[in-house]
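Trainee: I've got a model open on my screen and I'd like to learn how to read it. Can we go through some features together?

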Amino acid sequence: MDTTSLSMTEMVRGFSDYVNRVAYRGERFILLRGRKPVAELRPIPSGRLLGELEAVLRSLPALTATEAESYAADIEEARARLPQAEPRDPWQS
């Protein structure tokens, strides 16, 4: 989404509206003081950082041996149901 520039005066006069536009529409605004950019109003990123993945995975409960075997069997069954297509050359016209 594009970023819109706003003067500080515009921002103050319509603060609630601009915050709602950020929150509900995901809009971004650059705030200007005397035509000079001084701040940005944008949505806060949601989710987690990729660097946190290892810790998240370690925090998950471990499968028992029976659960792991059942899971592996489910995966093999799902793979067997997939169509066996020949590899296609993406560069071929």
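Mentor: Let's start with Arg42. This is a predicted model, and in it Arg42 has a relative accessibility of 39%. Exposed would need over 50% and buried under 20%, so Arg42 counts as partly exposed.

Trainee: Which residue forms a salt bridge with Arg42?

Mentor: The general idea comes before the case. Side chains of opposite charge can pair when their charged atoms come close. Here the partner of Arg42 is Glu40, and their closest N and O atoms are 3.6 Å apart. Glu40 is partly exposed too, with a relative accessible area of 40%.

Trainee: How many salt bridges are there in the whole structure?

Mentor: A search finds 8. Some of them share partners, and that sharing joins Asp17, Arg21, Arg25 and Glu27 into one network.

Trainee: How do I read that network around Glu27?

Mentor: Follow the side chains one pair at a time. Glu27 meets Arg21 in a salt bridge at 2.8 Å, N to O. Glu27 also meets Arg25, this time at 3.2 Å, N to O.

Trainee: Is Glu27 buried or exposed?

Mentor: Buried, with a relative accessible area of 11%. Now look at its two partners: Arg21 counts as partly exposed at 22%, while Arg25 is exposed at 56%.

Trainee: Next topic, please. Which residues make up the largest nonpolar core?

Mentor: To read a core, look for buried nonpolar residues whose side chains are joined. In this model, the largest one has 6 residues: Leu6, Met11, Tyr18, Val22, Phe29 and Leu31. Helix H2 (15-25) and strand S2 (28-33) are the elements that give two or more residues to this core.

Trainee: What does Leu6 touch?

Mentor: Leaving aside residues up to four places away in sequence, Leu6 touches Met11, Tyr18, Phe29, Ile30, Leu31 and Leu32.

Trainee: And where is there a nonpolar patch on the surface?

Mentor: Find Leu50, Leu53, Leu57 and Leu60, which form such a patch with about 430 Å² of accessible area together. Take Leu50 as your example: it sits in the loop between strand S3 (36-41) and helix H3 (53-59). Its relative accessibility is 72%, so Leu50 counts as exposed.

Trainee: How far apart are Ser7 and Leu50?

Mentor: You can answer that in two ways, along the sequence or through space. Ser7 and Leu50 are 43 residues apart in sequence and 36 Å apart in space, C-alpha to C-alpha. Ser7 is found in strand S1 (residues 3-7), and it is partly exposed at 26%.

Trainee: Could we try another pair? How far apart are Gly14 and Ala62?

Mentor: Sure. Those two are 48 residues apart in sequence, and their C-alpha atoms are 51 Å apart in space. Gly14 is in the loop between helix H1 (8-13) and H2. With a relative accessible area of 18%, Gly14 is buried.

Trainee: I've heard of backbone angles as well. What is phi of Arg35 near?

Mentor: General idea again: most residues other than glycine have a negative phi. Arg35 is not glycine, yet its phi is positive, near 70°. You'll find Arg35 in the loop between S2 and S3, where it is exposed, with a relative accessible area of 80%.

Trainee: Let's zoom out, then. What pattern does the chain follow along the sequence?

Mentor: Reading along, you get β-α-α-β-β-α-α. That comes to 4 helices and 3 strands.

Trainee: Why is the chain called more spread out than a compact globule?

Mentor: Compare two numbers. The radius of gyration is 25 Å, and the globule rule gives 12 Å for 93 residues; the chain is well over that value, so it is more spread out than a compact globule. Along the principal axes, the C-alpha atoms fill a box of roughly 65 × 50 × 20 Å.

Trainee: What share of the residues counts as buried?

Mentor: Of the 93 residues, 9%. The accessible surface comes to about 8600 Å², and 55% of it belongs to carbon and sulfur atoms.

Trainee: One last thing: how do I read contacts over the whole chain?

Mentor: Take the contacts between residues at least 6 apart in sequence, then ask what share spans a longer stretch. Here, 38% of them join residues at least 24 apart.

Methods. Residues numbered from 1 in each chain as written. Heavy atoms only, no water. Core = buried A, V, L, I, M, F, W, Y, C linked by side-chain atoms within 4.5 Å. Buried < 20%, exposed > 50% of the residue type's maximum accessible area, 1.4 Å probe, protein only. Contact = heavy atoms within 4.5 Å. Patch = residues over 30% accessible without salt bridge, like charges linked within 9 Å, V, L, I, M, F, W, Y side chains within 5 Å. Areas by Shrake-Rupley, 256 points an atom, 1.4 Å probe, with all protein chains shown as cover. Salt bridge = Lys/Arg side-chain N within 4 Å of Asp/Glu carboxyl O. Rg over C-alpha atoms; globule rule 2.2 N^0.38 Å.
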